[in-house]
Amino acid sequence: MAAPVGLLTMRDVHGVADLPGSPAPERTDERANVAVPAYFAAYEQQHDLPVERPVDVDRVTSDGGLLVVHAGERQWRTRALVNATGTWTRPNWPSYPGVEDFAGEQFHTATYPGREHLRGKRVIVVGAGASAVQFIGELAPIADVVWVTRRPPQWRTDDFGPETGLQVVTEVEKRIVAGLPPISVVGATGLMLREQEHEADALGAYDHPRPIFERIVAHGAEWADGTVEQADVILWATGFRSAVDHLEPLGLRGPHGGIPLDRVPRNVQAANTASRDPRVHLVGYGPSASTIGASRAARRAAMEVAQQVATERESAS
């Protein structure tokens with residue numbers, strides 16, 4: 001889910017997969033960041049699942065045939081690991097000259113304070129993805145918004161259905177299988193305006209995005225030609241990075257900088273097994289950092305772990 005906290009409702013989400021025997025929340029105006037956690041919490045309680053939280057994993061190491069999960073003084077040893085840390089804990093804050101000299105406020109998607117905090121202010125929104133579009137849609141009717149993008153926005157004019165979503169996920173997956181760093185699934189889909197953004201569109205908020213500035217100054221941003229846009233707030237809708245630093249001791253990265261994944265078996269449509277250590281399964285990395293991809297990858301990871309455990313039990317008996 002790529003929209004900022006506070007904007008996304010259950011009517012807007014691409015979809016939430018049903019848990020076994022428990023239908024997902026209905027499409028209502030309830031905030032997704034309230035409805036979805038409540039749905040999972042109820043499922044945990046209903047089935048008495050042994051979930052431990054909070055746990056901050058420092059690193060994962062290998063000890064013979066077992067993986068060792070380290071969290072402070074606590075350790076767990078396991079034959080298989082499903083890593084579903086996603087991206088939300090690693091917001092991407094770009095660095096530009098003068099960023100520390102800005103006299104106004106700066107927020108990232110992950111720290112967005114809500115539209116009322118920005119009412120009447122002049123806001124520079126930085127980003128070319130869906131989050132930037134949604135921020136502008138919410139803020140343009142109540143604030144003075146300047147849209148700044150590193151690349152021209154890529155708009156979709158066709159319908160975005162399940163088949164299109166699957167095609168996009170498949171294209172992103174090709175990069176991961178090749179060991180390339182992941183790109184955003186949302187970025188690969190192109191941009192579309194929801195009903196909530198129509199008012200901002202009518203105001204012309206999306207008509208003339210500016211290219212990225214050269215530096216930030218005390219009261220705004222400055223371009224190479226010397227022009228300056230005054231601003232009270234800079235809103236960084238610049239995405240997230242995969243939260244996989246704790247896996248570094250396992251040496252999973254390939255020569256191209258990404259973690260190459262395998263499809264196991266080869267003919268399945270969801271790649272989530274680390275090529276360099278098949279005990280590790282990644283869900284929420286690359287193509288599975290989306291609702292469509294995560295559903296496929298999670299199902300595949302569960303099947304692979306179950307098969308691995310069954311095989312080891314047969315060998316031991």
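At 2% relative accessibility, W147 counts as buried, because burial requires a relative accessible area under 20%. This tryptophan belongs to a predicted model whose secondary structure comprises six helices and 15 strands. The protein has 317 residues, of which 41% count as buried. Among contacts between residues at least 6 apart in sequence, 58% join residues at least 24 apart. The points below cover aromatic pairs, two open sheets, helix α1 and two individual residues.

**Aromatic pairs**

- The whole structure contains 10 aromatic pairs.
- The rings of Y96 and W236 have centres 6.0 Å apart and planes at 10°, so this pair is stacked; the cut-off for stacking is an angle under 30 degrees.
- The Y96–W236 pair links distant parts of the chain, with the two positions 140 residues apart in sequence. Y96 lies in the loop between β4 (81-83) and β5 (105-108), whereas W236 lies in strand β12 (residues 233-236).
- Both members of the stacked pair are buried: Y96 has a relative accessible area of 11%, and W236 has a relative accessibility of 0%.
- W147 and Y206 form an edge-to-face pair, because their planes stand at 85° with the ring centres 5.9 Å apart; the edge-to-face class begins over 60 degrees.
- W147 is part of strand β7 (residues 144-149) and Y206 is in the loop between α5 (198-202) and β8 (210-211), so the pair ties together parts that are 59 residues apart in sequence.
- Y206, like W147, is buried: the relative accessible area is 5% for Y206 and the relative accessibility is 2% for W147.
- Y96 and W236 also belong to a cluster, linked by ring pairs, that includes F213 and W223.
- The ring of W223 additionally has the charged end of R210 over it, 3.9 Å from the ring centre.

**Sheet β1-β2-β3**

- Three strands form an open sheet in the order β1-β2-β3, and their pairing is antiparallel.
- The edges are β1 (59-63) and β3 (74-78); each has a single partner strand, so one side of each is left without a neighbour in the sheet.
- Neighbouring strands of the sheet β1-β2-β3 are turned by 25° against each other on average, direction ignored.
- Five bridges connect strand β2 (residues 66-71) with β3 in the antiparallel sense.
- V68 has R77 in β3 as its bridge partner.

**Sheet β9-β10-β11**

- A further open sheet of three strands runs in the order β9-β10-β11, with antiparallel pairing.
- Its edge strands are β9 (215-217) and β11 (228-230), each of which pairs on one side only.
- In the sheet β9-β10-β11, neighbouring strands are turned by 25° against each other on average, direction ignored.
- Strand β10 (residues 220-222) is joined to β9 by three bridges, and the two strands run antiparallel.
- Opposite I216 stands A221 in β10.

**Helix α1**

- Helix α1 (residues 32-47) contains 16 residues. The distance from its first C-alpha to its last is 23 Å, close to the 22 Å expected at 1.5 Å a residue.
- The buried residues of α1 are A32, A35, V36, Y39, Y43 and E44.
- D48, just after α1, takes a positive phi of about 50°.

**Two individual residues: H246 and A202**

- H246 is located in the loop between β12 and β13 (261-262).
- With a relative accessible area of 11%, H246 is buried.
- Neighbours within four places in sequence aside, H246 is in contact with V57, D58, R59, V60, N83 and T85.
- The C-alpha atoms of H246 and V69 are 9.2 Å apart, while the two residues are 177 residues apart in sequence.
- A202 lies in helix α5.
- A202 is exposed, with a relative accessible area of 70%, because exposure is assigned over 50%.
- A202 and P141 are 61 residues apart in sequence, and the C-alpha to C-alpha distance between them is 9.9 Å.

Definitions and conventions:
Residues are numbered from 1 along each chain as its sequence is written. This is a predicted model: local features need pLDDT of at least 70, side-chain atom pairs count only at pLDDT 80 or more; totals for chains, interfaces and linings use all residues. Side-chain values use heavy atoms; hydrogens and water are left out. Two strands pair if DSSP finds at least two bridges between them. Helices (H or I, at least four residues) and strands (E, at least two) are DSSP runs, numbered from the N terminus. Axes are lines fitted to C-alpha atoms, for helices over the stretch in contact, and angles run from 0 to 180 degrees between N-to-C directions. Rings of Phe, Tyr and Trp (its six-membered ring) pair if their centres lie within 6.5 Å; planes under 30 degrees apart count as stacked, over 60 as edge-to-face and the rest as tilted. Buried means under 20% relative accessible area, exposed over 50%, partly exposed in between (1.4 Å probe, protein chains only). A charge sits over a ring if NZ of Lys or CZ of Arg is within 6 Å of the ring centre and within 35 degrees of the ring normal. The expected span of a helix is 1.5 Å times one less than its number of residues. Contact means heavy atoms within 4.5 Å.
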